Amino acid sequence: MKKMLFIFNPTAGRGRLKARLFDIVNTFVKYGFKVQVYPTQEKGDATTFLMNDQDQYDLILCAGGDGTLNEVVSGMLHSGKSSPIGLIPAGSMNDVGHSFKISHDIMKAAKAVLTGKPYLMDIGKLNGKYFIYVAAFGVFTNISYTTSQKQKNAIGNLAYYLEGIKQLSELRPRHIRVEYGDKVIEEDFLVGLVSNSLYIAGFKNFNSNLISLNDGLLEMLLIKMPKNPVELQQIINSLINYKINKNLMYYIQTPQVTISSPEKLEWTLDGEFGGIYDRVEIENYNKAIRIISNAFKGDKSEQKE
């Protein structure tokens, strides 16, 4: 029998997984899998489990939010596991699930794992820590982990917007030096995002129609500190309309970048606290993992060769 490890976060997405656990396991058993089930117990638990686990699997099924998937991927890469990953998006935002067009219906997502193909996906790394879709600093970037799970479960995405309103009074510049290739940028910025995703915080990424998730490049968006309310409104308009304002933003594609600052910056990785640093090295790990997907089945250039 094929071996499958099913890791799930029982608290993700209002705990809606719990009612479908038997159905998920039963579906994969009927398909010929011997299923081992592991519910995470605390933050970081999936990474620790996979790093200590000696077994090899034909499939690792992850059910939860983007943070749970980050833990699974981190544990696999640190331990050398190379199993394909099936994803059941069950969190509050599910940006990776959006990028792969995976259904929010739990059973539809589970069954899609059985019909999909492994897609080789790039992974980012910041000072030794992996991220799947985004590393970020600046205003609003810590909302996902400063908003309690209780709030997320109670009022969903509204919890993020309410927390964002609270932070409007905290707009302040971060003086940043950015080095990539042979280029250097040094200015005051409001926020910075280094990503490999079609969606971030539930919103479509800039130039998402041109982004490939396995081209060896990261997309970097740097938003300058507005000097007045007019510039702030221009930034907001650009974000709403998914258009780059070249006077107030930088949009760069690069495989590696170094970001430093006179003061230590708080970083967010895949919606979770990623550490506080005055200098970070961020790099792309090309085609580091395999995510099972139906979204790219017709695109031969995106598939495993």
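Reader: At what relative accessibility does Glu 179 count as partly exposed?
Author: This is a predicted model, in which local features need pLDDT of at least 70, side-chain atom pairs count only at pLDDT 80 or more, and totals for chains, interfaces and linings use all residues. Residues are numbered from 1 along each chain as its sequence is written, while side-chain values use heavy atoms and leave out hydrogens and water. Partly exposed lies between buried (under 20% relative accessible area) and exposed (over 50%), with a 1.4 Å probe and protein chains only, and Glu 179 counts as partly exposed because its relative accessibility is 25%.

Reader: Which residues are joined into one network by salt bridges that share partners?
Author: A salt bridge is a side-chain nitrogen of Lys or Arg within 4 Å of a carboxyl oxygen of Asp or Glu, and the side chains of Arg 177 and Glu 179 meet in one at 3.4 Å, N to O. Salt bridges with shared partners make one network of Arg 177, Glu 179 and Glu 186.

Reader: How many residues apart in sequence are the parts that Lys 81 and Asp 53 tie together?
Author: The side chains of these two residues, Lys 81 and Asp 53, form a salt bridge of 3.9 Å, N to O. Lys 81 sits in the loop between α3 (66-79) and β4 (85-89) and Asp 53 in the loop between α2 and β3, so the parts tied together are separated in sequence by 28 residues.

Reader: Are Lys 81 and Asp 53 buried or exposed?
Author: The salt bridge between Lys 81 and Asp 53 spans 3.9 Å, N to O. As for their accessibility, both Lys 81 and Asp 53 are buried.

How values were computed: Helix = DSSP H or I, 4+ residues; strand = E, 2+ residues; numbered from the N terminus.
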